[in-house]
Every structure is written in structure tokens, then in C-alpha cells.
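Visitor: I am new to this structure and would like to take a close look at one part of it, with the surroundings explained as we go. Please show it to me before I ask.

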Amino acid sequence: MTTLLEAKNISKAYGGIHALDGCSITVEEGTIAGLIGPNGSGKTTLFNVITGYEQVDGGEVRFAGSPITNQSPDKVFQLGIGRTFQLSRVFPRLTVMENMHVAKQRKGAAGLFSRWSSSHEQRQALDLLDFVGITHLKDLPAGNLSYGQKKLLEFAFILIAEPRVILLDEPAGGVNPTVINYMADRIKVLNKQGITFLIVEHDMEFVMGICQNITVLHRGMTIAAGVPEEVRKDATVLEAYLGD
Ligand SMILES: Nc1ncnc2c1ncn2[C@@H]1O[C@H](COP(=O)(O)OP(=O)(O)OP(=O)(O)O)[C@@H](O)[C@H]1O
């Protein structure tokens, strides 16, 4: 297996709070990896550090063999790392299709208000909306979508940039079981096509069911990493969850 994404000895403090305190994670290419830990253990901060939304105080992030530590979010996105946020970040006044257009431009060099540069790109956007099951909503303002539909749009939004790895922050959080199952199915299909995933999620059934490898954070440190069956039984992990 080849390592696609790696964060080593990452530290990040906010004033006196050590959100990340020397944690590390390795994501192998072609896998679905999970990142879990009790509330406040540093999961979102680690996502922010990997994707350039926060600068590290120490440590190194590498993608496809090259250092990407403290690169800008746009640069990281263009390199092939897509991500979603805990609270979806669609543009509420733009239509679903316009949101897809913005995503395409973020990846490429076109000006923000240019037209679709080709009918192929437009077709690709429609195909992706179809893939996540929301084509029928394409002309609606994204703000009118339900919470689950916004998460699906955000997913399509990332896919249009053709990322090599996708970081999902709580894809199952606050959405109904039908959407959760649908999301899991879409992730598996994309993974079979070669896309690597790193998923932060509190829904243990979802994580254990879909991830091949799981890293556990506690107080900004990596306390375990391994296959779901190992992690599930790990005494340190159980203690971290029970203690918080
Ligand atoms: N911008 C910030 N300013 C100050 N403290 C922060 C900031 N971001 C995160 N923290 C703190 O860093 C720690 C880790 O937070 P983080 O959100 O990364 O944890 P998490 O594991 O994602 O939590 P949750 O599961 O609740 O989403 C927490 O103590 C949090 O309060």
C-alpha cells in the first residue's frame, strides 16, 4: 500500500488550549479511513490543519509524497484534497447548479463569474448531481434544500474538482437514516473508483461499517490506530470515551 496522506507530530494551540498535541495519522491510498475521538479531541482541528484552514505550530503534513504543511486552502484543494464541513457550506442564494459552477471554478483557472467553459463540464455537473440523487433540485436556491440535501450537494460540489482524497466531517451528523445509508453507499462506489476517504464521524455504526482503518484522537494525541475490530476492543480507547 502507498501512503497518500500523512500528518506527523502535529501540534496546534489556541492560547493555553492544546487542540493538537503531537498527533499523527496515516491514510493509505485507495482506503476509507476513519478519524474518531470524544468531543473536543481535535478531529476538526486536524482536518483544518491538513486542508490549510489552520496553520500548525509544529509537525508536518504530506500528500502524495510532498510536504503541504501550511499551504492555503485553495492550493490544497487544487492539489486534490477535497473536504466537507460539519455545518455545510453551500452558497444559499445560488442555485444548486450555480453552486456546482463555483466549485468547478475553484479548482480551475476560470474567473469567478465566467460561464461554464464547456458543455462537457455542465454535463459533468449534472451527472454528479444525479450521482448524489438531487438532479431534480438543480434550479432551486441551495438555501431551500433540507440539511441532508445540502450535505449531498456539498458532496457533489467536491467531486466536480476530481479529488484524490476526500475528507468528510460528520457526513452522518444530523441527517436521517435513509440519507446516511445513501451516503455510505455513494462513498463505497467512489472508493471502488479509486478515491481515498478520511471520515470524521461520531456515528460508530457508520464508521465501523465503512472504514478499513481507524485512528483515534484523545486530547490532541493519537491513542490508537488500526482495523475497526482492534480499535473497538482497545482499552485506552474505551477509557477515553468513558472518561469524557
Ligand atoms: N478556533 C479555536 N479557538 C479556540 N479553541 C479552539 C478552536 N478550535 C478548536 N478549539 C479547541 O480545540 C479543542 C479541539 O477541538 P476540535 O473542534 O478540533 O475537536 P473535535 O474532536 O472536532 O470535537 P467535536 O467532536 O466536538 O466536533 C477543543 O478544546 C476546542 O474547544
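Visitor: How many bridges join E6 to strand E7, and in which sense do the two strands run? Please look closely at this pairing and then lead me outward from there.

Guide: Before the details, please keep in mind that what you see is a predicted model. Three bridges join E6 to strand E7, which covers residues 165–169, and the two strands run parallel. One of the residue pairs can be named, since arginine 83 has leucine 167 in E7 as its bridge partner. In general terms, strands of a sheet pair through backbone hydrogen bonds, and the sense may be parallel or antiparallel.

The pairing belongs to a wider arrangement, an open sheet of six strands in which the order is E6-E7-E8-E3-E9-E10 and the pairing is mixed. Strand E6, residues 81–83, is an edge strand of this sheet, and so is strand E10, residues 221–226, each of them pairing on one side only. Going from neighbour to neighbour in this sheet, the strands are turned by 20 degrees against each other on average, when direction is ignored. Towards the E10 end you will find helix H9, made of residues 235–243, which lies across strand E9 (213–218) and E10 and runs at about 130 degrees to E10.

From here it helps to turn to the other sheet, an open one in which four strands follow the order E2-E1-E4-E5 with antiparallel pairing. Its edge strands are E2 and strand E5 (66–67), and each of these pairs on one side only. Strand E1, residues 3–14, is joined to E2 by nine bridges, and these two strands run antiparallel. Following the pairs along E1, you meet leucine 5 with valine 27 of E2 as its bridge partner, then lysine 12 with leucine 20 of E2, and then tyrosine 14, which stands opposite isoleucine 17 in E2. Together E1 and E2 form a hairpin that leaves two residues between the strands, and in this turn glycine 15 has a positive phi of about 60 degrees. E1 also pairs with strand E4, residues 58–63, in the antiparallel sense and over five bridges; within that pairing, lysine 8 stands opposite glutamate 60 in E4. Across E1, E2 and E4 lies helix H1, which runs at about 115 degrees to E1.

Both the hairpin and helix H1 bring us to the ligand, whose surrounding residues include Tyr14, Ile17 and Ala19, and also Lys43, Thr44 and Thr45. Strand E2 (17–28) and helix H1 (43–50) each supply at least two residues of this shell, and the largest share, three residues, comes from H1. Sorted by class, the residues of the shell around the ligand are three nonpolar, seven polar and one charged.

Stepping back, the domain assignment of the protein chain gives domain 1, made of 1–80 + 163–244, and domain 2, made of 90–161. The centres of domain 1 and domain 2, taken over C-alpha atoms, are separated by 25 Å. Where the domains touch, the contact takes 12 residues from domain 1 and 11 residues from domain 2. On the side of domain 1 that touches domain 2, helix H2 (73–79) and helix H6 (177–192) each supply at least two residues, and by class this side has seven nonpolar, three polar and two charged residues.

Taken as a whole, the protein chain has a secondary structure of nine helices and 10 strands. Its radius of gyration is 18 Å, close to the 18 Å that the globule rule gives for 244 residues, so the chain is as compact as a globular protein of that length. Along its principal axes the C-alpha trace of the protein chain spans about 55 × 35 × 35 Å.

Notes:
Residues are numbered from 1 along each chain as its sequence is written. This is a predicted model: local features need pLDDT of at least 70, side-chain atom pairs count only at pLDDT 80 or more; totals for chains, interfaces and linings use all residues. Domain bounds come from an automatic or database domain assignment. Two residues are in contact if their C-beta atoms, placed from the backbone, lie within 7 Å. Ala, Val, Leu, Ile, Met, Phe, Trp, Tyr, Cys and Pro count as nonpolar, Asp, Glu, Lys and Arg as charged, and the others, Gly among them, as polar. A residue is near a molecule or strand if its C-beta atom, placed from the backbone, lies within 6 Å of it. Two strands pair if DSSP finds at least two bridges between them. Axes are lines fitted to C-alpha atoms, for helices over the stretch in contact, and angles run from 0 to 180 degrees between N-to-C directions. The radius of gyration is taken over C-alpha atoms; the globule rule is 2.2 Å times the number of residues to the power 0.38.
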